[in-house]
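Trainee: I have just opened this structure and would like to learn how to read it. Could you walk me through some features?

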Amino acid sequence: MENKKEKCDSMSSGGVTRSKRDLPPMHYTLKIESFSLLLKTKVEKYESDVFEAGGYKWRLCLYPNGNTKGKGKGFVSLYLQIENTSNLRHRWEVTTEFKLFVRDHINDKYLTVRESDASVKRFHEMKTEWGFDQLLSLETFNDASKGYLFNDGCVFGAEIFVIKPTGKGELLSMVKKPANGSLTWKIKDFSKLDRKSHLSKAFTAGGRSWRIDVSPEGYGEGKGNSLSVFLELVGGCKLPPKKTVWAEYKLRVLNQRHDNHVEKTTSRWFTSSSHTRGFHKFMPLGDLRDVSKGYVRNDTLIVEAEILTLSVSKLFS
């Protein structure tokens with residue numbers, strides 16, 4: 001019956017969710033003894049002492065018999081007020097997510113009351129108080145079997161999380177044809193190169209440096225049968241863990257006699273562990289060495305790299 005009644009209270013208060021938990025309120029607890037004597041004073045509302053949370057001053061405002069100026073008739077009403085606002089800057093505003101509590105003594109749990117949509121509340125000069133007209137029905141609160149009013153005592157509480165945007169963030173852009181995003185590399189005395197990989201000069205695109213990596217005798221599965229061509233992210237081995245850079249790019253070996261260039265397009269994520277990406281078998285060594293095919297002329301090989309699309313990440317504050 002208790003859960004059914006609390007569900008009814010939630011529906012009647014509109015947009016309020018009630019749940020129970022073991023942990024007490026993090027920021028403030030208001031314990032009241034001899035609650036019946038408090039009622040005899042015919043106090044309309046009781047304001048707690050000031051407490052601090054999230055760098056601001058607050059107090060709880062309790063209406064034991066409900067806030068009849070609102071929609072609190074027949075309910076216990078409880079609100080959170082921001083205090084010492086004269087010390088805040090002009091046009092101040094404090095954004096929060098908060099919860100209010102009532103202790104269930106019988107089950108040693110805390111009834112937690114919050115907005116159903118977990119929406120944030122903005123405290124400002126024109127709105128210094130937020131809370132619940134219908135925190136808990138008086139019928140439920142006064143029913144000893146429910147545990148909220150126990151031995152003529154009760155406990156309320158508050159938990160406040162102040163949202164303070166730092167202004168810090170990250171902008172990720174997918175940039176098509178980034179400026180200066182290509183390089184033409186003329187490799188002279190190509191026949192005299194050893195079998196190791198050779199690197200072009202670096203070019204800068206998207207705020208990062210890139211270069212072409214060529215293995216004249218092939219690398220990996222292309223060793224001994226193919227020219228291997230890669231695009232390297234310079235300094236990529238120093239990327240932070242899980243940091244990635246995406247690039248769509250073309251690698252090209254120019255035919256210096258005809259127009260049938262060898263060109264391949266790919267897209268890859270570059271990481272600290274995989275910062276040189278391309279093709280082990282870019283083109284057969286037989287075609288490369290056949291002078292009549294025109295890829296090597298005057299012992300010069302021309303290789304190009306062109307970045308088509310690039311991920312560019314910038315931090316801002």
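**Reading the model step by step**

Mentor: Ser311 is buried, because its relative accessibility is 8% and the cut-off for buried is under 20%. Keep in mind as we go that this is a predicted model.

Trainee: Where does Ser311 sit, and which residues is Ser311 in contact with?

Mentor: To read a residue, begin with its element and then go through its neighbours in space. Ser311 belongs to strand 22. Setting aside residues within four places in sequence, Ser311 is in contact with Leu172, Ser173, Met174, Thr244, Val245, Trp246 and Trp269. For Trp246 there is a polar detail too: its backbone nitrogen is 2.8 Å from a polar atom of the Ser311 side chain.

Trainee: Met174 is on that list. Is Met174 buried or exposed?

Mentor: Here the answer falls between the two words. Met174 counts as partly exposed because its relative accessibility is 44%, and that class lies between the 20% and 50% cut-offs. You will find Met174 in strand 12, residues 169–176. Beyond its neighbours within four places in sequence, Met174 is in contact with Trp246, Leu310 and Ser311.

Trainee: How far apart are Met174 and Thr309, in sequence and in space?

Mentor: It helps to look at both kinds of distance. Met174 and Thr309 are 135 residues apart in sequence, and their C-alpha atoms are 6.6 Å apart in space. Try another pair: Arg21 and Glu52 are 31 residues apart along the chain, with 23 Å between their C-alpha atoms.

Trainee: What else can I read about Arg21?

Mentor: Follow its side chain. Arg21 lies in strand 1, residues 16–21. Its side chain reaches the backbone oxygen of Leu23 at 2.9 Å, and a polar atom of that side chain lies 3.1 Å from the backbone oxygen of Pro24. Leaving out residues within four places in sequence, the contacts of Arg21 are Met26, Lys99, Phe101, Lys109, Tyr110, Thr112 and Glu159.

Trainee: Lys99 and Glu159 are both in that list. Which residue is the bridge partner of Lys99 in strand 11?

Mentor: For strands, look for the partners first and then for the residues that face each other. The bridge partner of Lys99 in strand 11 is Glu159. Strand 7 (residues 93–104) pairs with strand 11 in the antiparallel sense, over eight bridges. Strand 2 (residues 28–32) also pairs with strand 11 in the antiparallel sense, over five bridges. There, Lys31 has Val155 as its bridge partner.

Trainee: How many residues of strand 11 are buried?

Mentor: Eight of its 10 residues are buried, and strand 11 (residues 154–163) is mostly covered.

Trainee: Could we practise on strand 5? Which strands pair with it?

Mentor: Take the partners one at a time. Strand 3 (residues 46–47) runs antiparallel to strand 5 and is joined to it by two bridges, with Glu47 partnered by Cys61. Strand 4 (residues 51–53) is also antiparallel to strand 5, with three bridges, and Glu52 stands opposite Lys57. Strand 6 (residues 75–83) pairs with strand 5 in the antiparallel sense over seven bridges, where Tyr63 has Ser77 as its partner. Strand 5 itself (residues 56–63) is mostly covered, with seven of its eight residues buried.

Trainee: What should I look for in the hairpin of strand 4 and strand 5?

Mentor: Check the backbone angles between the strands. This hairpin has two residues between its strands, and Gly54 takes a positive phi near 65°.

Trainee: And how do I read a pocket?

Mentor: Ask about its volume, its lining and the classes of residue there. The second largest pocket has a volume of about 150 Å³. Its lining includes Phe190, Pro216, Glu217, Val296 and Asp299. Helix 4 (residues 285–289) gives the most to this lining, with three residues. By class, the lining has six nonpolar, one polar and three charged residues.

Trainee: One last residue, please: why does Thr300 count as buried?

Mentor: Thr300 is buried because its relative accessible area is 12%, and the cut-off is under 20%. Thr300 is in strand 22, which covers residues 300–316. Not counting residues up to four places away in sequence, Thr300 touches Lys186, Ile187, Lys188, Gln256 and Tyr295.

Note on methods
Residues are numbered from 1 along each chain as its sequence is written. This is a predicted model: local features need pLDDT of at least 70, side-chain atom pairs count only at pLDDT 80 or more; totals for chains, interfaces and linings use all residues. Side-chain values use heavy atoms; hydrogens and water are left out. On a 1 Å grid over the protein atoms alone, a cavity is a set of points where a 1.4 Å probe fits but cannot get out, and a pocket is an open set with protein on both sides within 12 Å along at least five of seven lines; lining residues have an atom within 4 Å of a point. Grid points are joined across faces, edges and corners, and a volume is the space filled by probe spheres set on the points. Helices (H or I, at least four residues) and strands (E, at least two) are DSSP runs, numbered from the N terminus. Ala, Val, Leu, Ile, Met, Phe, Trp, Tyr, Cys and Pro count as nonpolar, Asp, Glu, Lys and Arg as charged, and the others, Gly among them, as polar. Buried means under 20% relative accessible area, exposed over 50%, partly exposed in between (1.4 Å probe, protein chains only). Contact means heavy atoms within 4.5 Å. Two strands pair if DSSP finds at least two bridges between them. A polar contact is a pair of N or O atoms within 3.5 Å; within protein, one must be able to donate a hydrogen and the other to accept it, and residues adjacent in sequence count only if both atoms are side-chain atoms.
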